[in-house]
Amino acid sequence: MSAKYHQHTVFLFALLLAMAGCKEKDYAIPEPKGVMQNDAIKRSIGPNLVGQRIEFTYAMALPAARGKLVSAQVDASIAGAPATFLEHRSFYTNSSGVDVGVEVGSPSVNKDNATTVTFTKDTMAATLRYYYVVPEEARGKSVKFTFTGKSSNGETVTYNLGPYNISVQDMKLDLKPVDAAACYISIEDMAVYTAAEAATRPDKIDLVYVYRTTSNYLHSFVAPSANAQYLPGVTLPNGVNRATKLIRTWNLRDQQLARLQFGVFIDDADFEKQRFDAATDAAINTKAEAGLWVLTADGKYKAYVFVNAVNNTAKSATVSIKRYRLN
């Protein structure tokens with residue numbers, strides 16, 4: 001038991017140092033008090049989106065003479081989606097910078113608003129990860145979390161985090177429009193359709209993806225209502241005619257859409273303030289890592305469409321969308 005204690009204590013101390021590095025300057029590493037202690041941090045950054053994870057780390061430890069850990073629990077003010085879980089492995093970062101998990105308990109159990117891990121290993125220190133999957137119920141609200149650790153001698157510690165705002169916006173990653181095939185993009189459905197499919201839902205088609213080898217056209221996104229010169233060789237399905245407004249931009253790489261190193265996020269407030277006074281109906285010759293601000297013809301949605309990649313050979317693109325409902 002002693003060896004395990006020292007090993008886990010080293011892990012916990014390293015974690016607390018990392019926590020200290022991530023927090024405000026006035027944060028202080030907890031002083032040993034001879035009692036059970038705990039700490040928690042939120043690891044994920046950016047807007048908190050419905051259907052996506054919010055990640056936390058929860059650390060707890062107590063002196064060997066005061067027993068061992070028996071359980072850890074997180075209570076959310078709004079119950080997480082079913083995929084919510086608390087890791088039953090304790091994590092530390094090795095000398096190569098790799099996170100390593102050591103199993104210390106049974107897989108977590110969700111009941112109502114609580115997620116619980118029961119410890120099965122004899123340990124006095126652990127650092128668990130908690131993944132809260134944002135439920136639809138939380139959209140536009142805020143959520144708080146209470147982390148609780150219990151020891152075999154009856155001690156209980158708690159740590160509160162939040163509240164955290166949950167965005168109104170939605171996100172869909174890696175749609176793949178293909179020229180002359182699945183080239184009709186719906187913001188409302190956050191999907192791409194073939195011409196036959198688009199003909200069954202013309203009131204939901206906001207963009208047409210077109211690829212032409214002409215150097216000043218290439219990969220283009222066009223409103224169905226645009227002049228025919230911007231839709232060369234395209235015969236629109238019956239009823240597909242929406243007057244979508246577009247603004248192309250080159251340097252807005254939202255990290256959640258791009259999954260690149262850029263620490264930039266489009267939040268709800270960005271959608272609210274985005275104006276379309278200078279909008280057009282066609283974004284011609286669009287490159288990878290460019291984007292489009294979009295306002296649907298019915299004024300129901302604003303969206304940001306990020307171009308993850310383009311492929312001249314396949315005449316296709318990969319796009320990811322954030323969508324904000326206005327009414």
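I began with Phe221 and listed its contacts, leaving aside neighbours within four places in sequence: Ile185, Val208, Tyr209, Leu246, Ala282, Ala283, Thr286, Leu292, Val307, Ala317 and Val319. I note here that the model is a predicted one.

**Entry: the cores**

I looked up where Phe221 belongs. Phe221 is among the residues with the most contacts inside the largest nonpolar core, together with Val294, Val305 and Ile321. That core has 37 residues. I then checked which strands supply at least two residues each, and found β13 (184–186), β14 (191–193), β15 (207–212), β16 (218–222), β18 (282–283), β19 (291–295), β20 (301–311) and β21 (316–325). Strand β15 gives the most, with 5 residues. I also found a second, separate core of 31 residues, which includes Phe56, Tyr58, Leu86 and Met124. As background, I wrote down that nonpolar side chains in soluble globular proteins tend to be buried together.

**Entry: the sheet with β4**

I traced an open sheet of 4 strands in the order β1-β2-β9-β4, paired antiparallel. Its edge strands are β1 (37–42) and β4 (85–86), and each of these pairs on one side only. I looked at the contact of β4 with β9 (residues 125–133): the two strands pair in the antiparallel sense over 2 bridges. Leu86 has Tyr130 of β9 as its bridge partner. Leu86 is also one of the residues of the second core.

**Entry: aromatic pairs**

I counted pairs of rings next; the structure holds 15 aromatic pairs. Phe85 and Tyr131 are stacked, at 4.8 Å centre to centre and with 25 degrees between the planes. Phe85 lies in strand β4 and Tyr131 in strand β9, so this pair ties together parts that are 46 residues apart in sequence. I compared burial for the two partners: Phe85 is partly exposed, with a relative accessible area of 24%, whereas Tyr131 is buried, at 10%.

I then went back to Phe221, this time with Tyr209. Their ring centres are 5.5 Å apart and the planes stand at 50 degrees, so the pair is tilted. Tyr209 is in strand β15 and Phe221 in strand β16, 12 residues apart. Tyr209 counts as buried because its relative accessibility is 0%. Phe221 is buried too, with a relative accessible area of 1%.

I also recorded one aromatic cluster, formed by Phe56, Tyr58, Tyr130, Tyr132, Phe145, Phe147 and Tyr164. Of its members, Phe56 and Tyr58 are included in the second core, and Tyr130 is the bridge partner of Leu86.

**Entry: charges over rings**

I checked for charges over ring faces and noted two cases. Arg53 lies over the face of Tyr131, at 4.6 Å from the ring centre. Tyr131 is the ring that stacks with Phe85. Arg129 lies over the face of Phe91, at 4.5 Å from the ring centre.

**Entry: Ser151**

My last look-up was Ser151, found in strand β10 (residues 142–151). Is Ser151 buried or exposed? I put Ser151 down as buried, because its relative accessible area of 6% falls under the 20% cut-off. Which residues does Ser151 touch, not counting residues up to four places away in sequence? My list reads Met36, Leu62, Arg66, Lys68, Leu69 and Val70. For Leu69 I also took the C-alpha to C-alpha distance to Ser151, which is 4.3 Å, with their positions 82 residues apart in sequence.

Key. Residues are numbered from 1 along each chain as its sequence is written. This is a predicted model: local features need pLDDT of at least 70, side-chain atom pairs count only at pLDDT 80 or more; totals for chains, interfaces and linings use all residues. Side-chain values use heavy atoms; hydrogens and water are left out. Buried means under 20% relative accessible area, exposed over 50%, partly exposed in between (1.4 Å probe, protein chains only). Contact means heavy atoms within 4.5 Å. A nonpolar core is a set of buried Ala, Val, Leu, Ile, Met, Phe, Trp, Tyr and Cys residues joined through side-chain atoms within 4.5 Å. Two strands pair if DSSP finds at least two bridges between them. Rings of Phe, Tyr and Trp (its six-membered ring) pair if their centres lie within 6.5 Å; planes under 30 degrees apart count as stacked, over 60 as edge-to-face and the rest as tilted. A charge sits over a ring if NZ of Lys or CZ of Arg is within 6 Å of the ring centre and within 35 degrees of the ring normal.
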